[in-house]
Amino acid sequence: MQTLLLSDSEVKSLLSMNEVIEAVELAFKEKGLGRVQMPAKIYLFYKKYNGDLRAMPSYLEELDISAVKIVNVHPDNRTKYGLPTVMATIVLIDPKSGAPIAIMGGTTITAMRTGAAGAVAAKYLARKNSKVVGLVGAGAQARTQLMGLLTLYGKLEEVKVYDKVEEARDKFIAEMEPKYGNLCSLIPVGSVKEAVEGADIVVTATPSRQPIVKNEWISPGMHINCIGADAPGKEELEPEILKRAKIIVDDIEQAMHSGEINVPISKGILTEQDIWAEIGEVVAKIKPGRESEEEITIFTSTGLAIQDAVTAHLAYKKALEKGIGKKIEIV
Ligand SMILES: NC(=O)c1ccc[n+]([C@@H]2O[C@H](COP(=O)([O-])OP(=O)(O)OC[C@H]3O[C@@H](n4cnc5c(N)ncnc54)[C@H](O)[C@@H]3O)[C@@H](O)[C@H]2O)c1
């Protein structure tokens with residue numbers, strides 16, 4: 001049998017954010033309806049190299065899509081080796097035979113499905129008339145978070161951008177301006193406070209291990225997409241914010257272990273009862289999302305293997321249609 005090999009840049013040329021949002025929304029719904037198998041991701045910690053590795057298997061039973069992703073997070077990669085913080089490989093499996101039907105670069109898929117998750121969360125949780133976005137952290141994930149929100153809303157009034165590294169912020173703006181300058185006004189700011197205050201939607205996408213967003217900057221009606229915290233010990237928000245908010249997670253077990261709530265939970269500041277719902281339950285209409293204009297809503301994304309599986313499957317289907325990739329006999 002033949003396995004299709006796709007490089008990350010081939011995958012990138014095949015995916016559009018619109019379609020990825022649709023696929024991720026469906027994956028969340030399938031989870032909400034209890035039709036997926038997805039053991040919580042398992043971690044290896046390379047402590048002496050300040051990095052970790054996760055293995056993420058999943059099976060969407062109704063859609064008959066299955067995959068395993070291997071992904072690392074090494075925050076020093078950019079400065080030390082000129083490599084991205086996050087790099088991923090995905091093996092797409094045929095559930096019927098267990099055969100590997102494709103092996104592909106998963107770095108773009110990881111970033112796009114995470115941006116798509118932010119967009120789906122905003123669709124169900126943010127106020128419909130949201131116009132001002134505050135981005136905290138201007139790295140790889142911030143780019144697709146912006147892409148996701150612009151795909152959802154079409155246009156935004158202001159996107160305020162903060163990064164603790166000024167060059168990273170300026171590079172982000174220089175890159176995004178030609179792509180999205182006609183859809184939003186990109187404004188560099190000099191502090192987290194400036195990015196957050198007055199925003200309708202705040203996106204945190206840093207590898208921070210201490211709170212950087214203060215409770216006093218959060219006003220009623222805000223929606224916050226917490227993207228950065230995806231491993232034990234990571235946190236970006238003061239826990240008081242979580243106490244005031246309706247908390248929606250992508251997966252309860254993963255979120256408690258490694259999402260924005262992991263540190264407050266381990267300290268006993270929050271408990272499982274403080275979690276309102278999984279996003280899949282909201283998408284499947286089992287539980288409501290936003291219920292008032294004043295509510296503060298928080299989506300904490302840890303990243304689900306099912307998001308990767310459906311996005312990889314989308315890339316695979318399109319690659320076959322367009323004759324892209326290389327086939328080899330691996331097994
Ligand atoms: N939720 C998910 O599904 C998911 C998926 C992929 C990555 N992540 C996580 O998202 C985070 C960002 O990943 P990335 O690929 O964008 O990394 P990146 O290195 O490309 O970008 C991170 C940016 O955050 C900035 N930063 C660091 N600390 C900051 C602080 N205190 N205040 C403001 N800016 C700060 C850095 O300067 C950098 O520009 C990581 O923690 C990663 O593990 C989550």
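Here are some exercises on a predicted model, each with a worked solution.

**Exercise 1: Helix lengths**

Work out how the end-to-end reach of helix H5 fits what you'd expect at 1.5 Å a residue, then do the matching check for helix H12.

*Solution.*
- Step 1. Start with H5, which runs over residues 140-153 and holds 14 residues.
- Step 2. At 1.5 Å a residue, the expected span of H5 is 20 Å, and going from its first C-alpha to its last you get 21 Å, so the two are close.
- Step 3. Now take H12, residues 305-322, with 18 residues and an expected span of 26 Å. The end C-alpha atoms of H12 are 26 Å apart, which agrees.
- Step 4. Look just past each helix. After H5 comes Gly154, with a positive phi of about 80°. After H12 comes Gly323, where phi is positive too, near 65°.

**Exercise 2: Covered or open?**

Find which residues of H5 are buried, and how many residues of H12 are buried.

*Solution.*
- Step 1. The cut-off you need is that buried means under 20% relative accessible area.
- Step 2. In H5, the residues that pass are Gln141, Ala142, Arg143, Thr144, Gln145, Leu146, Gly148, Leu149 and Leu150.
- Step 3. In H12, 13 of the 18 residues are buried, so that helix is mostly covered.

**Exercise 3: H2 against H4**

Describe how helix H2 (residues 17-32) and helix H4 (residues 107-125) pack.

*Solution.*
- Step 1. Get the geometry: the axes lie 8 Å apart, at an angle of about 70°.
- Step 2. Classify that angle. Values from 65 to 115 degrees count as roughly perpendicular, so H2 is roughly perpendicular to H4.
- Step 3. Add the handedness: H2 passes H4 in a right-handed crossing.
- Step 4. List who meets whom. H2 brings Met17, Val20, Ile21, Val24, Glu25 and Phe28, and H4 answers with Met112, Arg113, Gly115, Ala116, Ala117, Ala119, Val120, Lys123 and Tyr124.
- Step 5. Sort the residues of this contact by class, and you get 11 nonpolar, 1 polar and 3 charged.

**Exercise 4: H2 against H5**

Repeat the job for H2 and H5, starting from their angle and the distance between their axes.

*Solution.*
- Step 1. The axes are 10 Å apart, and the angle is about 85°.
- Step 2. That makes H2 roughly perpendicular to H5.
- Step 3. On the H2 side you'll find Met17, Asn18 and Ile21, which meet Thr144, Met147, Gly148 and Thr151 in H5.
- Step 4. By class, this contact has 3 nonpolar, 4 polar and no charged residues.
- Step 5. Cross-check with what you already have. Met17 and Ile21 are among the H2 residues that meet H4, and they're also among those that meet H5.

**Exercise 5: H4 against H12**

Describe how the axes of H4 and H12 cross, and which residues meet there.

*Solution.*
- Step 1. The axes come within 9 Å and cross at roughly 115°.
- Step 2. That makes H4 roughly perpendicular to H12.
- Step 3. H4 passes H12 in a right-handed crossing.
- Step 4. From H4 come Ile109, Thr110, Arg113, Thr114 and Ala117, and from H12 come Gln307, Asp308, Thr311 and Ala312.
- Step 5. The class count is 3 nonpolar, 4 polar and 2 charged.

**Exercise 6: Positive phi outside glycine**

Locate Asn50 and Lys285, and say whether each is buried, partly exposed or exposed.

*Solution.*
- Step 1. Recall the background: most residues other than glycine have a negative phi.
- Step 2. Asn50 has a positive phi, near 50°, and it sits in the loop between strand E3 (42-46) and strand E4 (51-60). Its relative accessible area is 38%, so Asn50 is partly exposed.
- Step 3. Lys285 has a positive phi as well, near 65°. You'll find Lys285 in the loop between helix H11 (279-283) and strand E17 (297-300). With 67% relative accessibility, Lys285 counts as exposed.

**Exercise 7: Two strand residues**

Give the surroundings of Asn72 and Ile212.

*Solution.*
- Step 1. Asn72 belongs to strand E5 (residues 65-73), and at 7% relative accessibility it counts as buried.
- Step 2. Leaving aside neighbours within four places in sequence, Asn72 is in contact with Asp52, Leu53, Asn77, Thr85, Val86 and Met87.
- Step 3. Ile212 belongs to strand E12 (residues 209-213) and is partly exposed, at 26%.
- Step 4. Not counting residues up to four places away in sequence, Ile212 touches Val136, Val192, Thr206, Trp217 and Glu236.

Definitions and conventions. Residues are numbered from 1 along each chain as its sequence is written. This is a predicted model: local features need pLDDT of at least 70, side-chain atom pairs count only at pLDDT 80 or more; totals for chains, interfaces and linings use all residues. Side-chain values use heavy atoms; hydrogens and water are left out. Helices (H or I, at least four residues) and strands (E, at least two) are DSSP runs, numbered from the N terminus. Buried means under 20% relative accessible area, exposed over 50%, partly exposed in between (1.4 Å probe, protein chains only). Axes are lines fitted to C-alpha atoms, for helices over the stretch in contact, and angles run from 0 to 180 degrees between N-to-C directions. Angles under 35 degrees count as roughly parallel, over 145 as roughly antiparallel, 65 to 115 as roughly perpendicular and the rest as oblique. A crossing is left-handed if the near helix is turned anticlockwise from the far one by less than a right angle, and right-handed if clockwise. Contact means heavy atoms within 4.5 Å. Ala, Val, Leu, Ile, Met, Phe, Trp, Tyr, Cys and Pro count as nonpolar, Asp, Glu, Lys and Arg as charged, and the others, Gly among them, as polar.
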